[in-house]
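Please explain this protein model to me, one place at a time. I would like to look at the surface, then at the inside.

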Amino acid sequence: MDIKRNTWVNGGAYLLALIGTIVAEAKGIHALEYVCKPALLIILSSWFFFNSRRYGDRFTLMVQLGLFFSLIGDVALMFVHLDEFNFLIGLGAFLLAHICYTIAFVRNISEVGGMDGWILSSILSLVIGLFAILFSWELQPRLDEDMVLPVLSYVAVIAIMGIVACFRYMRTFPRSFWLVFVGAICFIASDSLLATNRFIRPITWAPVVLMALYATAQFLIASGSLLHVLDPDTIRRKQATEA
């Protein structure tokens, strides 16, 4: 058994790191958080890399970069209690992560092309777009002047990531689409809860729930992307273009 590629081993380690992170944040145990929170994305990135490297292309590179920038964001947010500026660093890192995911999804869409499934894709993307507009409308008056541009830019970028994920419908393996799509929704929900807790009103249970949503989002996006890469049709198409 190759431990580096085994889903059950890495999934179990990922779950343990998540539990450790939730306990650390709930109890304020920074030493435990410093170990467990970075471990989440290190484990996930390693698992994705060792499973996808045989079929690596720009799609896998952008997903890997998305995981990397997410790791940087996680590390920065761990130190917000020491310096509030780390929040902006984390925000910037996650913004880059979402741009990377978006580029990966656009590449998937452009490779397949066609208009199949555009009705459902359009409906789902419209819902995400309307939510982003309404949430921004609610959030903007509560932001300090110097936070308006970075926070609203982030809302726009993560909404675009979710919208682009919608248009992978009928352009990839069905399980790949739904895993990535649900992951994108979990990411939007997690960050919306984070913004609500930070800028609108404090929510006592927010840290636990948003961490669970965030970890679920990253795992689903990485898993769905890996299914797309390892799908036989994707492999054959890639081999044909390289022949």
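What follows is a short walk from a surface patch to an enclosed space.

Keep in mind that this is a predicted model.

Start on the outside. Six side chains deserve a look: Leu15, Leu16, Ile19, Val23, Ile29 and Leu32. Together they make a nonpolar surface patch of about 500 Å². Which helix gives the largest share of the patch? Helix α1, which covers residues 7-27, does. Helix α1 supplies 4 residues of the patch.

Now pick out one member of the patch, Leu32. Leucine 32 lies in helix α2, which runs over residues 30-52. Is leucine 32 buried or exposed? The answer falls between the two. Its relative accessibility is 30%, so leucine 32 counts as partly exposed. The cut-offs explain this: buried means under 20%, and exposed means over 50%.

Next, go inside. The structure holds 1 cavity of 30 Å³ or more. About 30 Å³ of space lies in the largest cavity. Which residues line that cavity? Thr7, Asn10, Gly11 and Tyr14 do, together with Ile43, Leu44, Trp47 and Phe219.

The two helices turn up again here. Both α1 and α2 supply at least two residues of the cavity lining. Helix α1 gives the most, with 4 residues. Helix α1 also gave the largest share of the surface patch.

Finally, sort the cavity lining by class. It has 5 nonpolar residues and 3 polar residues. Charged residues are absent from the lining of the largest cavity.

Technical notes:
Residues are numbered from 1 along each chain as its sequence is written. This is a predicted model: local features need pLDDT of at least 70, side-chain atom pairs count only at pLDDT 80 or more; totals for chains, interfaces and linings use all residues. Side-chain values use heavy atoms; hydrogens and water are left out. Patches are made of residues with over 30% relative accessible area and no salt bridge: like charges are joined within 9 Å, nonpolar side chains (Val, Leu, Ile, Met, Phe, Trp, Tyr) within 5 Å. Accessible areas come from the Shrake-Rupley method with a 1.4 Å probe; for residues, only the protein chains shown count as cover. A salt bridge is a side-chain nitrogen of Lys or Arg within 4 Å of a carboxyl oxygen of Asp or Glu. Buried means under 20% relative accessible area, exposed over 50%, partly exposed in between (1.4 Å probe, protein chains only). On a 1 Å grid over the protein atoms alone, a cavity is a set of points where a 1.4 Å probe fits but cannot get out, and a pocket is an open set with protein on both sides within 12 Å along at least five of seven lines; lining residues have an atom within 4 Å of a point. Grid points are joined across faces, edges and corners, and a volume is the space filled by probe spheres set on the points. Ala, Val, Leu, Ile, Met, Phe, Trp, Tyr, Cys and Pro count as nonpolar, Asp, Glu, Lys and Arg as charged, and the others, Gly among them, as polar.
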